[in-house]
Amino acid sequence: MEYLYAVIDYGSSALKVFYSKELTDAPQYFMMQPEIIEVSIDDVQEYRQNFNLDPARYAFIGTNDRYYATGELAQEVFRSTLNLTEPKSNNAIGRTLAAITVAARLAQIDVGKKFRLFLSCLLPAGELVDRDILEANLREAFKNFDTPMGRLQINLKYFNCHPEGGGLALFYEEHCDLADRQLGVIMMGHRNSSCFVIQNKIYRRLRSTDLGFATIVNDIQLATSAYKDKTITAAVATYLNKEDDKTPLIKMLLRNNPTAREQELDKLLKAIDLATRKFWNSLLIAILHP
């Protein structure tokens, strides 16, 4: 019997997966685009061979006679876009099946036989209430589902969910002398932000809000020219990480005339400043006065 250990972060900027065949092995890592879209089996058949060459890019799964393209296949071929307003748990089943499919391929698991899976997932703090439903649905889906490698049968031996930011909290609990104090964590992601407290490895006061980096990007786009989502997201993130370097912003400017470019940059900088201040004020209100 073969084993697969995996941790999945359902990030809205990217689906992130750590995996290994044994607990003693150094964990491996890959990322996938977060998109998922329902398609027909005929639409994805041709990508079975591509999957063998680049699993993370050409993953698709079929469950209950319904097929879904995931990751770059969904984004680039089927023009799928991510809905940032719905709960991450809505698409967790398909994304999990795809992630485990890719991990099994990369780990060279013998998919012709049933293998045992030990799985942990990260969800926004406010969605942990869906943990039991997610586990039940995953156990049913893992019994038999179609992939580019054929049908997989998985025995889910262990399942757990942690809030986003839980790993950081557990690290501090283990390595710092907190005595009887509780540790508070604020996690700011692309789609949402969450907060919770932890004491003795027990999570309490779990709360999530639909305020994330995407909120800042959206406000900047409304106040400026028609910058593409991915372009402005990467550029603004890099700039905010190092504000004295305006190079990423200059590279995304749309004007050709030097004077117009200077005006465009000035307008963009003001939009970024306003959007970030607005975000922090809104986040503070959401956390202190839910």
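# Close-ups of a predicted model

**View 1. Asp9, a buried acid in strand β1.** At 18% relative accessibility, Asp9 counts as buried, because the cut-off for that word is under 20%. This is a predicted model, and the views below all come from it. Asp9 sits in strand β1. Setting aside anything within four places in sequence, Asp9 touches Ala14, Leu15, Lys16, Leu122 and Glu164. With one of these residues, Lys16, Asp9 also forms a side-chain salt bridge, at 3.9 Å from N to O.

**View 2. Leu122 beside strand β1 residues.** Here we look at Leu122, which belongs to strand β7 (residues 115-123). Which residues does Leu122 touch, once those up to four places away in sequence are left out? One group is Ile8, Asp9 and Tyr10, and the other is His162, Pro163 and Glu164. Take Tyr10: Leu122 is 112 residues away from Tyr10 along the sequence, yet their C-alpha atoms are 6.5 Å apart in space. Asp9 turns up again in this view, and its own contacts include both Leu122 and Glu164.

**View 3. A nonpolar patch on the surface.** Four side chains share this one: Val7, Phe18, Tyr29 and Met31 make a nonpolar surface patch of about 370 Å². Val7 comes from strand β1, which covers residues 3-10. Is Val7 buried or partly exposed? With a relative accessibility of 38%, Val7 counts as partly exposed. Compare View 1, where Asp9, also in strand β1, is buried at 18%.

**View 4. Helix α4, mostly covered.** Helix α4 takes in residues 92-106. Its 15 residues should span 21 Å at 1.5 Å a residue, and the C-alpha atoms at its ends are indeed 21 Å apart. How many of the 15 residues of α4 are buried? The count is 13, so α4 is largely enclosed by the rest of the structure. After the helix comes Gln108, with a positive phi near 60°.

**View 5. Helix α5 and its two faces.** Helix α5 runs over residues 131-142, and its twelve residues should span 16 Å at 1.5 Å a residue; the distance between its end C-alpha atoms is 16 Å, in agreement. The buried residues in α5 are Leu134, Glu135, Leu138, Ala141 and Phe142. They cover an arc of only 130° around the axis, so they lie on the same side of α5. The reason such a spacing works is general: an α-helix has 3.6 residues a turn, so residues three or four places apart point the same way. Flip to the face turned away from the buried side, and you find the exposed residues Asp132, Ile133 and Glu140.

**View 6. Arg57 and Glu76, a salt bridge from a loop to a helix.** The side chains of Arg57 and Glu76 pair up in a salt bridge, at 3.3 Å from N to O. Arg57 is in the loop between α2 (48-53) and β5 (60-63), while Glu76 is in helix α3 (residues 71-77), so the pair ties together parts that are 19 residues apart in sequence. Both partners are partly exposed: Arg57 has a relative accessibility of 32%, and Glu76 comes in at 36%. For context, a search of the whole structure turns up 15 salt bridges.

**View 7. Asp219 and Lys278, linking two helices.** This salt bridge joins the side chains of Asp219 and Lys278, 3.7 Å from N to O. The pair links distant parts of the chain, with Asp219 in helix α7 (residues 213-223) and Lys278 in helix α10 (residues 258-288), 59 residues apart. The partners differ in cover: Asp219 is buried, at 18% relative accessible area, whereas Lys278 is partly exposed, at 47%. Elsewhere, salt bridges that share partners join Arg131, Asp132, Glu135 and Arg139 into one network.

**View 8. Ala235 against Pro248 and its neighbours.** Ala235 lies in helix α8, which covers residues 229-241. With a relative accessible area of 6%, Ala235 is buried. What does Ala235 contact, leaving aside neighbours within four places in sequence? The list is Pro248, Leu249 and Met252. Ala235 and Pro248 are 13 residues apart in sequence, and their C-alpha atoms are 4.9 Å apart in space.

How values were computed: Residues numbered from 1 in each chain as written. Predicted model: local features only at pLDDT ≥ 70, side-chain atom pairs only at ≥ 80, totals over all residues. Heavy atoms only, no water. Patch = residues over 30% accessible without salt bridge, like charges linked within 9 Å, V, L, I, M, F, W, Y side chains within 5 Å. Areas by Shrake-Rupley, 256 points an atom, 1.4 Å probe, with all protein chains shown as cover. Helix = DSSP H or I, 4+ residues; strand = E, 2+ residues; numbered from the N terminus. Buried < 20%, exposed > 50% of the residue type's maximum accessible area, 1.4 Å probe, protein only. Contact = heavy atoms within 4.5 Å. Expected span 1.5 Å × (residues − 1). Arc of directions from axis to C-beta.
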